[in-house]
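Work through the two exercises below with the structure open. Each task is followed by its solution in steps.

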Amino acid sequence: MRLDKFLCDSLGVTRKEANQLIKRKEISVDGAMRNVASIQVNDTSKVEWKERQLTISGPRYIMLFKPDGYVCSHEDATNPTAFVLLDEIKMDKLHFAGRLDVDTTGLVLITDDGKWSHRITSPKHNCSKRYRVWLAEPIQDDYIEKFEQGIQLNNEKDLTLPATLEIIDREENEVLLTIQEGKYHQVKRMFAALGNKVEGLHRDTIGSIRLDETLEPGQYRYLTAEEAATF
Ligand code: URA
């Protein structure tokens, strides 16, 4: 097929947008920049945009290291949205597969595949999320048991599902908490229910996807096919 048609199908852009990418010399075919829309590509051609190999109609699965100060929504009156950190096209098609508070850092998954994100965010799927938490007050001896048994949050009918607490550093009041739910401000509310206060919160894992240690705050990368297939 023609290169511009390939770009329309793989990136979800219009023919006009595809031609602009080609004219701007952003597209390479088999390692060489090509600026002719009509050249033919086939199954064996390696078509790349911004060093990313394109495939036809592939959904996008992205991991972002969200820095402090960014919100996980398309718009916000006060803070920048984490979407400004993405250099992508068709931004309106992308959504967050689970959010973090503005002051929480770490792993956020972003996609244009609604069924995939539903498997991560739906309460029915009990997808696990792990948080590194820094507390204002000392860690009490009964915390591990209390998280296992479930915690009564303010304004909730049921106890939280069993959660796993691992103590990392008693002097620094630092723990790892793995929960299977995603209620509003859940981690902060769980510790508040125990009379403590979260001072720092960082998510490093969702399901079996771990935040890539080579990413700096604000950087992102595409999930590998294996990572995306875990949901
Ligand atoms: N729990 C919270 O309280 N905040 C987050 O950002 C994520 C989980």
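A polar contact is a pair of N or O atoms within 3.5 Å. The model used here is predicted.

**Exercise 1.** Find the polar contacts of the ligand and state how much of its surface the protein buries.

Solution.
1. List the surroundings: the residues around the ligand are Leu100, Asp101, Thr104, Tyr131, His185, Gln186, Val187, Lys188 and Leu201.
2. Check the side chain of Thr104: one of its N or O atoms is 2.9 Å from an oxygen atom of the ligand.
3. Turn to the backbone. A polar backbone atom of Val187 lies 3.1 Å from a nitrogen atom of the ligand, and a polar backbone atom of Lys188 lies 3.0 Å from an oxygen atom of the ligand.
4. Take the area: the ligand alone exposes 240 Å², and the protein buries 95% of that.

**Exercise 2.** Describe the lining of the largest pocket and explain which domains it lies between.

Solution.
1. Start with the volume, which is about 670 Å³ for the largest pocket.
2. Count the lining: 33 residues, with Arg99, Leu100, Gly182, Lys183 and Tyr184 nearest the centre of the pocket.
3. Assign elements: α3 (114-121), β8 (129-135), α5 (186-193) and β11 (198-206) each give two or more residues to this lining.
4. Sort by class: 15 of the lining residues are nonpolar, 10 are polar and 8 are charged.
5. Place the pocket: because domain 2 (61-123 + 214-228) and domain 3 (128-206) both contribute lining residues, the largest pocket lies between them.

Technical notes
Residues are numbered from 1 along each chain as its sequence is written. This is a predicted model: local features need pLDDT of at least 70, side-chain atom pairs count only at pLDDT 80 or more; totals for chains, interfaces and linings use all residues. Side-chain values use heavy atoms; hydrogens and water are left out. On a 1 Å grid over the protein atoms alone, a cavity is a set of points where a 1.4 Å probe fits but cannot get out, and a pocket is an open set with protein on both sides within 12 Å along at least five of seven lines; lining residues have an atom within 4 Å of a point. Grid points are joined across faces, edges and corners, and a volume is the space filled by probe spheres set on the points. Helices (H or I, at least four residues) and strands (E, at least two) are DSSP runs, numbered from the N terminus. Ala, Val, Leu, Ile, Met, Phe, Trp, Tyr, Cys and Pro count as nonpolar, Asp, Glu, Lys and Arg as charged, and the others, Gly among them, as polar. Domain bounds come from an automatic or database domain assignment. A polar contact is a pair of N or O atoms within 3.5 Å; within protein, one must be able to donate a hydrogen and the other to accept it, and residues adjacent in sequence count only if both atoms are side-chain atoms. Accessible areas come from the Shrake-Rupley method with a 1.4 Å probe; for residues, only the protein chains shown count as cover.
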